[in-house]
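Q: Please pick one part of this structure and take a close look at it with me. I'm in my first year, so keep it relaxed, and show me the rest of the chain around it too.

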Amino acid sequence: MIVGYVGYSNDDYTLKLQVETLKKYGCNQFFHSKNSTSETKYSQVLGILDLLKPGDIFVVCKLKHLADSITQLFEITNYIREKGIIFVSIEDQIDTRIPIGKIMFKTLEILNEFSRNILHERKVASLKTGRPRGRKGGRPKVNQQKLNKAISLYLSQKMTVMQIQEATGISRTTLYRSLKKMKK
């Protein structure tokens with residue numbers, strides 16, 4: 001099965017052009033991302049990929065239609081590779097059935113790993129340089145006395161969560177997380 005994916009565009013001409021290009025390629029089924037946020041588009045693409053079987057062909061006109069960020073693109077391409085789906089980006093000339101397409105896919109994976117390593121190294125370096133200046137990184141410690149007071153106020157049901165937050169300075173999330181831990 002050859003499945004085409006039409007990325008969202010505000011321009012009707014661009015949508016029609018994508019559909020025509022995918023039809024010429026031989027796509028017999030089309031999926032379209034609605035005008036949506038980056039995260040819903042990402043989950044829509046993954047939902048489409050879940051419908052495909054190993055050996056099916058997933059076609060886009062351009063990589064930019066597939067994802068809104070480089071991280072999403074790497075995650076989607078990794079998912080495609082792991083599932084055994086053939087991937088084609090027509091205008092970017094990527095086709096994982098041929099050696100050069102496999103190389104391009106592998107290059108994307110390498111760039112993703114490189115990007116993650118750089119971010120990790122920066123984080124470690126930042127923590128090392130911050131420690132001598134008294135910075136530890138991570139979340140600040142919660143004042144246990146204030147947390148205990150917030151929990152007792154919550155359990156007494158004398159105040160709303162918003163009032164407890166204002167009175168103690170303990171956030172709603174921290175309060176609920178602590179209550180959840182108590183239940184376990």
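A: Of the 184 residues in the chain, 33% count as buried. Keep in mind that this is a predicted model, and every value here is computed from it. The accessible surface adds up to about 12500 Å², and carbon and sulfur atoms account for 55% of that.

Before zooming in, let's get our bearings. The chain has seven helices and five strands, and if you read along the sequence they come in the order β-α-β-α-β-α-β-β-α-α-α-α. The radius of gyration is 24 Å, while the globule rule gives 16 Å for 184 residues, so the chain is more spread out than a compact globule. You can also put dimensions on the C-alpha trace: along its principal axes it spans about 70 × 40 × 35 Å. Sequence distance is worth a thought as well. Take the contacts between residues at least 6 apart in sequence: 63% of them join residues at least 24 apart.

Now for the close look. Find the loop between strand 4 (86–89) and strand 5 (94–95), where Glu91 sits. Glu91 forms a salt bridge with Lys62, and their closest N and O atoms are 3.7 Å apart. The general idea is simple: side chains of opposite charge can pair when their charged atoms come close. Where is the partner, Lys62? Lys62 is in another loop, between strand 3 (57–60) and helix 3 (70–83), so this pair ties together parts that are 29 residues apart in sequence. Both ends of the bridge are partly exposed: Glu91 has a relative accessible area of 48%, and Lys62 has 28%.

Stay in the loop between strand 4 and strand 5 for a moment, as Gln93 is found there too. Most residues other than glycine have a negative phi. Gln93 goes the other way, with a positive phi of about 55° although it is not a glycine. Is Gln93 buried or exposed? At 66% relative accessibility, Gln93 counts as exposed. For a second example, jump to the loop between helix 5 and helix 6 (161–168), which holds Gln157. Gln157 has a positive phi of about 60° and is not a glycine either. Gln157 is exposed as well, with a relative accessible area of 69%.

Back to our main spot, and on to Asp95. Asp95 forms a salt bridge with Arg97, with 2.8 Å between the closest N and O atoms. Asp95 is buried, with a relative accessible area of 13%, whereas Arg97 is partly exposed at 39%. With the Glu91 and Lys62 pair, that brings us to the full count of two salt bridges.

Move a little further along the sequence and the theme changes from charge to nonpolar side chains. Ile98, Ile100, Ile103 and Met104 make a nonpolar surface patch of about 350 Å². One of these, Ile103, is in helix 4 (residues 99–130), and Ile103 is partly exposed, with a relative accessible area of 49%.

What about aromatic rings? A search of the whole structure finds three aromatic pairs. Tyr154 and Tyr176 make an edge-to-face pair, 6.1 Å centre to centre and with 90° between the planes. Tyr154 lies in helix 5 (residues 144–156) and Tyr176 in helix 7 (residues 172–183), so this pair ties together parts that are 22 residues apart in sequence. Both rings belong to partly exposed residues, with relative accessible areas of 30% for Tyr154 and 39% for Tyr176. Elsewhere, ring pairs link Tyr5, Phe58 and Phe87 into a cluster.

One last stop is Leu46, in helix 2 (residues 38–51). Leu46 is partly exposed, with a relative accessible area of 21%. Which residues does Leu46 touch, not counting those up to four places away in sequence? They are Ile76 and Tyr79. Leu46 and Glu75 are 29 residues apart in sequence, and from C-alpha to C-alpha they are 9.6 Å apart in space.

Key. Residues are numbered from 1 along each chain as its sequence is written. This is a predicted model: local features need pLDDT of at least 70, side-chain atom pairs count only at pLDDT 80 or more; totals for chains, interfaces and linings use all residues. Side-chain values use heavy atoms; hydrogens and water are left out. Rings of Phe, Tyr and Trp (its six-membered ring) pair if their centres lie within 6.5 Å; planes under 30 degrees apart count as stacked, over 60 as edge-to-face and the rest as tilted. Helices (H or I, at least four residues) and strands (E, at least two) are DSSP runs, numbered from the N terminus. Buried means under 20% relative accessible area, exposed over 50%, partly exposed in between (1.4 Å probe, protein chains only). Patches are made of residues with over 30% relative accessible area and no salt bridge: like charges are joined within 9 Å, nonpolar side chains (Val, Leu, Ile, Met, Phe, Trp, Tyr) within 5 Å. Accessible areas come from the Shrake-Rupley method with a 1.4 Å probe; for residues, only the protein chains shown count as cover. A salt bridge is a side-chain nitrogen of Lys or Arg within 4 Å of a carboxyl oxygen of Asp or Glu. The radius of gyration is taken over C-alpha atoms; the globule rule is 2.2 Å times the number of residues to the power 0.38. Contact means heavy atoms within 4.5 Å.
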